[in-house]
Amino acid sequence: MKWQWIQLKKMQAISTAGMLRPLNSQKKKIIRLYLHCGIATTANAYNGAVGFGDDVRKISEQSRLKEALHLLYFSEERLDPSTYASLLQTCIDHKFLLGNKLIQAHITQTGFIEDRFLLNTLINTYVKCDSLVDARRIFDQMSERNVFSWTIMIAAYAKLGQSNEALTLFNQMQQAAVKPDRFTFTSILPACTRLGDLQDLHEELCGLGFETDVFVGSALVDMYAKFQRIQDARSAFDKMPQRDLVCWNTMIAGYVQNGCVSDALKLFHEMPNRNVVSWTVLIAGYAQNGRDDEALRIFREMQVMGTKPNVMTFASVLSACANVKALKEGKEIHEEIIRSGLQGDVFMGNALIDMYSKCGEIENARHMFDKMPKRDVVSWNAMVGGYARSGCIDDAWMLFQRMPVRDVVSWTAMVAGYAQTGNLDEAWTLFLKMPEKNVVSWTAMISGYARIGRSQEALDIYRQMQQTAVRPNMKTYSSVLSACANLAALEQGIQIHKEIIGCGFPPDVFVESALVDMYAKCGNLEKAREVFDKIHQPVVGSWNVMIAGYAMHGCGKEALELFEQMEHSGTKPDPVTLLSVLSGCCHAGLVDEGRHYFHCMSTLYHITPEMEHYGCMVDLLGRAGLLDAANDFINKMPIKPDATVWRCFLGSCRTHINVELGEYGAERLIELDPDNASPYVLLSNIYAAAGKWDGLKKMRKLMKDKKVEKQPGCSWINVDENVFTFHVEAG
């Protein structure tokens, strides 16, 4: 039997590969071989004993496509159109392009070449088999086309991103007096790359009565949302007399894409029915917009309502856990994933690696990686990135070296890892070696330099990026704005702001917050507040930078008023918020208010004070001249005060010329930071102000003996978008 089967396959291969019809003797031999192999149906079809078309259909339906095509090729008998269509569908299922060509040849030979149904089916088959050239050739040769013919081609071009070609075909279709249907419009709408094209199509479909069609309406909502015309999207949504789940989900997704998560939640609660997609879109939206705690709350609500999460739901909620380092919740979700039987899913495994690594559980992340039955490049990237973020740069490099395939994400993870650990020379060297650089790679370098205060170099790299074909994204702009803020480079910050507006990106709360921070640090509080007030739904970071801006410039009352607005908005303060509030009280001399909010940290907001908060309180009391109260506060701290706390105390002693407490503070500070010049300089100034010249001489001699040098002061100016730094040496 085995020998006969091998011979049969050889005969098939010879005849098919050569595109030759077999001689009678060859045909008889093939029939005998089929019979020997126990395939009587195929043998009968060759011999014409039963209905040829029926056998071709049966064989193809049994997933024996090549045998069916072989029979077809050896016959000149015409099949009915439905059999041809069945064969073509099987070719689509198997992505078998050669099969399409064989069937097309048979259709042509048997005189069906003018059959519009078959030609449309052939076009569709070529499109689904990724051969647009063959599809277009048949389309161009058709003597008569109907709406289906045009729609197939328009949809194909739109799907491949060839928008101009799709719009051109749509116009030609209208010139041919073929009326578009609902499927034509849902195919052409995604091809709109300009708002004007979308508006023209909207007007046209309204004229044909399709605006109220649920499929066309959903496509309109989606496109207007992508063009950031969320009000137009909502208008299209509201005009539909009937809406299905897809339509509701599309509108919610539109709100999410444009940062309007509260509007998305409001609409979500209005839905008559919800499915897992509805919940997942909302959860992902909150996570993507920095409202991770709310994303977790919505996930729990979803479970209470009895909706079963899918892979995308779990991935979105794991992302929220990772963002806020909610390890306990992340582990609970991991257990749910195991119970759902989804742990073996590659996408799920990647999300778990990311969650554990971002929550500081790098060993658990590696355990997940090692247990995965299958890994893709994303799995490797997640683990390499996890090591890099955790500061395990050597482990990251070893794994990077082992990767079977590397892509631009792999290289970028290593570059970002070196940058985050402050090893910018290694990061830059690796960056230059990258075979391909994308916006994330450039942004990693820019943010790396900006993070450690080398802001001018960050701006220089940004200028280099602008000379390439790579366009900045929102994270790039956030990093560049941070560099401008650090340098107080207002003119460059304004220029970046103009670029962001010109790019037409949808509103991004993180970039908007970076703009507020930049304007505040550059001294333009009015502009900072203007940008802040335009943020549709500020996150806690947005409130923090505006409150900090007021605090920095001594506007304590404005800082406290804004904090009250934040509380009324329902936004929960974090430790940074309270630090900014205390700083505002400190700079404005609001002692009672500062004491009140420090007390409320643990009692009302359930936030444990950190060293920065204690330092701020010491500064507040010291600036107000309450040096004994400040000293008493330090002595009662539940944690050991660091150099920053004593430096604040010593600075206040300098302001109020208190020699006794100044000497005490200087001793404590020198114990913690003996090589720092500030305690010597501050105490020297106290002695000088109090007329204690012997003490001044003693401090200067001590500095000389210990070779402690005062750091030179510096200032900078901005000229023609270049920042120049000047240092003043001590005289």
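In helix H32, the buried residues are Val509, Val511, Glu512, Ser513, Ala514, Leu515, Val516, Asp517, Met518, Tyr519 and Ala520. The model is predicted. This briefing starts with that helix, then turns to a loop residue and to the aromatic rings.

**Helix H32**

- H32 is mostly covered, with eleven of its 13 residues buried.
- Charged and polar names appear in the buried set, including Glu512, Ser513 and Asp517.
- The buried residues of H32 pack against four helices: H30 (474-487), H31 (490-503), H33 (525-534) and H34 (540-552).
- H32 runs over residues 509-521. At 1.5 Å a residue, its 13 residues should span 18 Å. The end C-alpha atoms are 18 Å apart, so the expected and modelled spans agree.
- Asp508 caps the N-terminal end of H32. One of its side-chain oxygens lies 2.9 Å from the backbone nitrogen of Phe510.
- Just after H32, Gly523 takes a positive phi of about 90°.

**Thr307 in its loop**

- Thr307 sits in the loop between helix H19 (292-304) and helix H20 (311-323).
- Is Thr307 buried or exposed? Thr307 has a relative accessible area of 18%, and buried means under 20%, so Thr307 counts as buried.
- Leaving out residues up to four places away in sequence, Thr307 touches Asn275, Val276, Trp279 and Met302.
- With Trp279 there is also a polar contact, side chain to side chain, at 3.5 Å.

**Aromatic pairs**

- The count of aromatic pairs comes to 19.
- In one pair, Tyr614 and Phe633, the ring centres are 5.9 Å apart and the planes meet at 50°. Stacked needs under 30 degrees and edge-to-face over 60, so this pair is tilted.
- The pair links distant parts of the chain, 19 residues apart. Tyr614 belongs to helix H38 (residues 611-623), and Phe633 to helix H39 (residues 627-635).
- Tyr614 and Phe633 are both buried.
- Elsewhere, ring pairs link Phe170, Phe185 and Phe210 into a cluster.

**Charges over rings**

- Which ring does the charged end of Arg375 sit over? The ring is that of Phe369, and the charged end of Arg375 is 4.3 Å from its centre.
- Arg182 lies over the face of Phe183, at 5.7 Å from the ring centre.

Conventions: Residues are numbered from 1 along each chain as its sequence is written. This is a predicted model: local features need pLDDT of at least 70, side-chain atom pairs count only at pLDDT 80 or more; totals for chains, interfaces and linings use all residues. Side-chain values use heavy atoms; hydrogens and water are left out. Helices (H or I, at least four residues) and strands (E, at least two) are DSSP runs, numbered from the N terminus. Buried means under 20% relative accessible area, exposed over 50%, partly exposed in between (1.4 Å probe, protein chains only). A polar contact is a pair of N or O atoms within 3.5 Å; within protein, one must be able to donate a hydrogen and the other to accept it, and residues adjacent in sequence count only if both atoms are side-chain atoms. Contact means heavy atoms within 4.5 Å. The expected span of a helix is 1.5 Å times one less than its number of residues. Rings of Phe, Tyr and Trp (its six-membered ring) pair if their centres lie within 6.5 Å; planes under 30 degrees apart count as stacked, over 60 as edge-to-face and the rest as tilted. A charge sits over a ring if NZ of Lys or CZ of Arg is within 6 Å of the ring centre and within 35 degrees of the ring normal.
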